[in-house]
Every structure is written in C-alpha cells, then in structure tokens.
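User: Please take me through a close look at one part of this structure, the part that carries annotation in the record, and then show me what surrounds it. I am in my first year, so please explain each term when it comes up.

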Amino acid sequence: MRLYSTNNKDLSVSFQEAVFNSLPQDKGLYMPEHIPALDPLFIRNIQQYSLQEIALTVATALIGDDIPKADLKKIIDDAINFDAPVKFLDSKTAVLELFHGPSYAFKDFGARFMSRVMGYFSQEDDKLLDVLVATSGDTGGAVALGFLGVEGTRVTILYPKGKVSKVQEEQLTTNGQNIRALEVDGTFDDCQALVKQAFNDTALNQELRLTSANSINIARLIPQTFYYFWAYAQLKSQGVNEVLFSVPSGNFGNIGAGLLAYKMGLPVKHFVAGTNVNDTVPRFLTSGSYDPKPSVQTLANAMDVGNPSNWVRIQDLFDYDLEKLRQTITSYTYDDQETLVAMRDIFEQYNYVACPHTAIAYLAAKSYQDTNPGEYASIFLSTAHPCKFPEGIDADIFSAVQYPEGAELLADKPKLAESLAVNYDDFKDYLLKNK
Ligand SMILES: *Cc1c(COP(=O)(O)O)cnc(C)c1O
C-alpha cells in the first residue's frame, strides 16, 4: 500500500510510514494511492463470511503485502474479537451496534487495530513506543484498552479532571500494565496543548520514541470499513438488498470509512451524516462553502467538532466535486432538545436506550426516509453504549440501561492516576523520570 497526501499527490509513503507519522508534514491527510475494488463475487456471497473473514479480505485488499497475510490475520483476530450486531427495530429500521468492544464505543475498532499494527511494526525496535494521547472522554478509553498489554508499547493518557464521565474515567484509570493516566487540572484543550508541545520538543523526542494515537491515523480508518461490510452481510442474510447508512458524525472518520467501503464496491443506496449543532458539514453540503466554526458543547459531546479533520479525506474520495458528494451523502443537524426527544421516542417506541450520538443518527435516518420513501432498510450506527453518558440521558430512561458485563467490576478496581498541573515542564519531567 502506498499513500499520498491530500495536499500533495506526488508524495508517496509506505503504510508503515503513514501509521507512525499519522499525518504528513504538509498537514494534509494520507490517502491510499489506489482504492482496490473487491471481487464482486465476494460481495455477492458476503453473507457466508464471518466479521473476521470479511475484515481479512478487506484489509488485505487495502494493505497488500506490507503485512504478510498470516500476520494480518493474527492482528485482526486479536483486535476484532467482539461482534457488531445489526438489530432490527422495525421492518425497515435497524441499528448497527458498534459498542461491544472493551471501551463500549466504536473507536475500539480503530484503536485496537492500530495498536496491533504499531506493535507489529515495532517488533525490531528496542526502544519502547510511547503513545501520548489527550482525551475528552471516548478516545482515551479506546486507546487505553486498545493498547493494553500490546508488547513494545506504552500509553500516557491526559484527561481533564472532573470532565469525563464515571465509566470513561474508570476505563482510563484502572488498567495498570503499559497504560498510565494523568489527571490534568485543566480542560481538554490544556491536555491537547501539553501533548502537542511534547511532540514538538526535539530534546524529548531524542529520549523517547513518541507517537500519537490520532483519530486521523490511516490505521484507524481501515478497520472502520470492516463493520460496514459486516452490516451489509447481516442484512443480506435477512434478504435485504438495499441499505442506507446513517452515521453520527463529528470528525467524520466513521462515515469516511463507510465511504471508502463504498468506493471498494460495497453497495449502499445512500449515506446520511447526522451532526449536533456543530454543523460545518451540513452547511457546506447546502451552501457549497466550507466555513468552520469553533466547537460548541452538546449532549453528544464526542461529536463537538467545529472543523472536522477527516472531511478532506471525503472530499478527496469524491474528487472535490460537490455534486458527486451530494448524490451520495446527505447531512442533517439537530440540537440538544431534538436529541432528547429522539432518545425518548426510541425508548417509547422500541424499548431501546440509545446514547445521544446514536439518537442523532436515528433522527438523520428518519429525516432522509421522510423525503425519500422507498423499500430500502435504514441502518443507523450506534457508536457508544448508553451507560457512558449518564449526564446526557434523562434519568427515567437511563435507569433502564443495562450495563455490559464487567462494567460493575471496573468500579471496584483502584484508580491509578497521577495529578498534573497545566505545566509543560512538569509533564516533561514526568515523562523523563518514568522512562
Ligand atoms: C468519536 C465518536 C463519534 C464521532 O465519530 P467521528 O468519526 O469523529 O465522526 C460519534 N459517537 C461517539 C460515541 C464517538 O465516540
């Protein structure tokens, strides 16, 4: 696999380089030079395969011989060791549950695959790979649990004190082993600034082999294609042939992977992107002008993104052609009030508890169905388990949440976190004294 930068099509780097750099120096995003078309016979018979078999076929087509197939199979079987079931709510509406991994969110697909790919490419290195990550909640848990026990790697997570939910904090701070948590007396932006400064610190980079677990890493995008194929396989085995995917979107990495799957030959009728009031993309698709704004806090806080970093990838996939984009993607925006009403709707109609992000995807699917009736099935993606968002769900609905197995156990584990002031020298000291 070779990749170019969206800012420079002449740049050509290997998969390994793209994984460790995360993004090119020119601040573009890595894109595959060649998007492979999957064998139509494979797609036609896809319902015969398991999630892991589908993942291996898709990953092999994309990555090629940068990782030998037997090794890739090991990585996949180890990383994707949980299901992503499609559940029908009624005859035309279904939810794809992406929260059955260890952090109860879809980011497990990306983080677990990326961690193992990084571990694989680090085998010959004698220096530990130090992953630094700032989190506002969801990414940190996926990265912590994704890298937990992966040889040759160590993760340091910075999270803002008092600003993540209980389950999120437990996932960040109860791991031990190769995972360290720093509880920063500041905001998410402070955490991010500390991490950024570390990456720009030449002296520190000579001492430590630092890398980020950035959400735009190509090794996080690739595994997110798997579940689109797997959802289609499950629908096909139920006799459904035409599907629409509705994706709750923030940085647009999740839907970006869906669109990559589509370009590889997955038959999809249409994609719908639901956003909260951070509506840069819906405004762009309507007006044609890209006008990012500072992010606004909402109930669906993992989607509070004013300038979605993966959007360029999607533009690139569609040759920066607005009409082509509009033929494939429709985007809708909803405020917190509409999100709360949707969660109640889903609960009352289907006895199903959706997290705020998931509720936005549900609304977006409905908005599209209302104006485009047809025989297709609408699949909305559930990106997180509702138990992670006690503050975002009305209490009477939240009381119906069934915690996943093991979630209670987390609460009994001791919290392992060191306190950190918003002070770069302290952070650097910590990293150097705990090498
Ligand atoms: C990260 C996240 C999203 C947004 O996904 P993007 O790939 O950034 O669009 C949606 N829902 C949840 C629960 C998330 O954690």
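Analyst: UniProt positions are given here in the numbering used for this structure, the feature names are shortened, and an annotation may be inferred rather than shown by experiment. With that in mind, UniProt places the feature "domain: Threonine synthase N-terminal", from an unreviewed entry, at residues 4-79. The model is predicted, and for that reason local features need a pLDDT of at least 70 and side-chain atom pairs count only at pLDDT 80 or more, while totals for chains, interfaces and linings use all residues. Residues are numbered from 1 along each chain as its sequence is written, and side-chain values use heavy atoms, with hydrogens and water left out.

Helices (H or I, at least four residues) and strands (E, at least two) are DSSP runs, numbered from the N terminus. In these terms, residues 4-79 are 47% helix and 16% strand, with the end C-alpha atoms 26 Å apart. The same unreviewed record lists "domain: Tryptophan synthase beta chain-like PALP" for residues 96-367; that span is 48% helix and 16% strand, and its end C-alpha atoms lie 18 Å apart.

The annotated residue to look at closely is Lys107, where UniProt places "modified residue: N6-(pyridoxal phosphate)lysine", also from an unreviewed entry. Lys107 is found in helix α5. A residue is called buried under 20% relative accessible area, exposed over 50%, and partly exposed in between (1.4 Å probe, protein chains only). Lys107 has a relative accessible area of 13%, so it is buried. Contact means heavy atoms within 4.5 Å, and, leaving aside neighbours within four places in sequence, Lys107 is in contact with Asp138, Thr139, Ala142, Arg220 and Ala302.

Helix α5 also takes part in the aromatic packing. Rings of Phe, Tyr and Trp (its six-membered ring) pair if their centres lie within 6.5 Å; planes under 30 degrees apart count as stacked, over 60 as edge-to-face, and the rest as tilted. The structure holds 17 aromatic pairs. One of them joins Phe82 and Phe109, whose ring centres are 4.9 Å apart and whose planes stand at 70 degrees, so this pair is edge-to-face. Phe82 lies in the loop between α4 (69-79) and β4 (86-90), whereas Phe109 lies in α5 (residues 107-121), so the pair ties together parts that are 27 residues apart in sequence. Both Phe82 and Phe109 are buried.

Another edge-to-face pair is that of Tyr362 and Phe380, with 5.5 Å centre to centre and 70 degrees between the planes. Because Tyr362 lies in helix α16 (residues 356-371) and Phe380 in strand β13 (residues 377-382), this pair ties together parts that are 18 residues apart in sequence. Tyr362 is buried at 2% relative accessibility, and Phe380 is buried at 0%. Returning to Phe82 and Phe109, these two form one aromatic cluster with Tyr227, Tyr228, Phe245, Tyr262 and Phe271.

Strand β4, which follows the loop of Phe82, has a partner of its own. Two strands pair if DSSP finds at least two bridges between them, and β4 pairs with strand β5 (residues 93-97) in the antiparallel sense over four bridges. The bridge partner of Phe88 in β5 is Ala94, and β4 and β5 form a hairpin with two residues between them.

Some rings meet a charge instead. A charge sits over a ring if NZ of Lys or CZ of Arg is within 6 Å of the ring centre and within 35 degrees of the ring normal. Lys263 lies over the face of Phe318, at 4.3 Å from the ring centre, and the charged end of Arg209 sits over the ring of Phe20, 5.3 Å from its centre.

The cysteines come last. A disulfide is a covalent bond between the sulfur atoms of two cysteines, and it is counted here as a pair of cysteine sulfur atoms within 2.5 Å. A search of the whole structure finds zero disulfides. The sulfur of Cys355 is 10.0 Å from the closest cysteine sulfur, in Cys387, which is too far for a bond. Cys355 is buried at 0% relative accessibility, and Cys191 is buried with a relative accessible area of 0%.
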